[in-house]
Amino acid sequence: MTRVDPQPNRSDPTLRQLAPEHRLRRLELLVTRRLDGMLHGQHLGLLPGPGSEYTGAREYRAGDDEVRRMDWAVTARTTLPHVREVDADRELCTWLLVDSTPSMDFGTAELEKRELAVAAVAAVGFLTAGAGNRLGAHLLDASGVRRYPARSGRAHLLGLLGALLAAPRGDVGGTPPSLAEAVTALHRANPKRGLAVIVSDFLDGLPDGEGGTPDWERAVHRLAVRHQVLAVEVVDPRELELPDIGLVTLMDPETGRRREVSTGDRRLRERYAVAAAEQRELVRQALRRTGAAHLSLRTDRDWTADVVRHVHTQRRLAGATRAPRTAVRGGTA
């Protein structure tokens, strides 16, 4: 698609206008100062949960334990109700899959999509940082999948962010691996439970016509069976609607195909907006079916506020799940 760069904002430079070391420093300040000030509590988490590593079973205590934690296999063997015991996720291993294919080299607002993807990685990295926590990444680009081992510490995170910022742009018309293949590779490489974060525009592998499902849906679903999964969808406003700017040449960044379009045609702009909305709804529904948490970030919006809203929503959902149900006559409420 034709790319239109906005005029530089002298008072608040975008990431692309800063030197790499200054970009990293700005990202760190945004996350550690702004997000830390907006997210109150002892634990800053994108997907809070009670734990994932199975350690055994103990007898069920009425009123204290949740029925959904019942260990039915042990209960059947002992004829006494037992619940599963898990270790709290104090040492979290987070794996990132970052889409850096040509479709991410696009942006018409404050950031390009690939820069917003790096910002999302920074948020995940700094919010999950802690003693013993490790962070690793798979970078999907036109040449294949590059793997960065999981390590802990600020220096490792900054090094990973620097590598993502310095990643070369994909050649137009190249043939990078599909997102489904990259998700499958991430799943196979990490058998131990943890947090998996996929940062992409999720445009790869969408069905051509009505009906059907994205190619990556089954792979993400398999990943979500073993891990907690957060899907970070990166969107630019020009992917949702076309402005009336006359005759433009649109280019598919993945294939290099070009087409001239008259944006002065109101009906064409309306059809484009409807098709784009249907496409994003298809992605939303597919991610919902996989069981992954979904965070949508836009290049023309305050991404830090979107992260905050997502974390608060996840906390409310986690609190509602853990809240005990009150017994009533004839059943439970």
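Here are two short exercises on the largest cavity of this predicted model and on one of the residues that line it, Leu164.

**Exercise 1: the cavity and its walls**

Task: Work out how many cavities of 30 Å³ or more the structure holds, and which elements and residue classes line the largest cavity.

Solution:
1. Start with the search over the whole structure: two cavities reach 30 Å³ or more.
2. Pick the largest cavity, which holds about 60 Å³ of space.
3. List its lining: Val98, Asp99, Ser100, Arg114, Ala117, Val118, Leu139, Leu164 and Ala167.
4. Map that list onto the elements. β3 (93-99) and α3 (113-127) each supply at least two lining residues, and α3 gives the most, with three.
5. Sort the lining by class: you get six nonpolar residues, one polar and two charged.

**Exercise 2: a closer look at Leu164**

Task: Place Leu164 in its element, decide whether Leu164 is buried or exposed, and find which residues Leu164 touches, leaving out those up to four places away in sequence.

Solution:
1. Locate the residue: Leu164 belongs to helix α4, which covers residues 154-166.
2. Check accessibility. The cut-off for buried is under 20% relative accessible area, and Leu164 has 6%, so Leu164 is buried.
3. Collect the contacts. With residues up to four places away in sequence left out, Leu164 touches Val98, Arg114, Val118, Val121 and Leu139.
4. Take one of these partners, Leu139. Leu139 and Leu164 are 25 residues apart along the chain, yet 7.8 Å separates their C-alpha atoms.
5. Tie this back to the cavity: Val98, Arg114, Val118 and Leu139 are among its lining residues, as is Leu164 itself.

Terms used. Residues are numbered from 1 along each chain as its sequence is written. This is a predicted model: local features need pLDDT of at least 70, side-chain atom pairs count only at pLDDT 80 or more; totals for chains, interfaces and linings use all residues. Side-chain values use heavy atoms; hydrogens and water are left out. On a 1 Å grid over the protein atoms alone, a cavity is a set of points where a 1.4 Å probe fits but cannot get out, and a pocket is an open set with protein on both sides within 12 Å along at least five of seven lines; lining residues have an atom within 4 Å of a point. Grid points are joined across faces, edges and corners, and a volume is the space filled by probe spheres set on the points. Helices (H or I, at least four residues) and strands (E, at least two) are DSSP runs, numbered from the N terminus. Ala, Val, Leu, Ile, Met, Phe, Trp, Tyr, Cys and Pro count as nonpolar, Asp, Glu, Lys and Arg as charged, and the others, Gly among them, as polar. Buried means under 20% relative accessible area, exposed over 50%, partly exposed in between (1.4 Å probe, protein chains only). Contact means heavy atoms within 4.5 Å.
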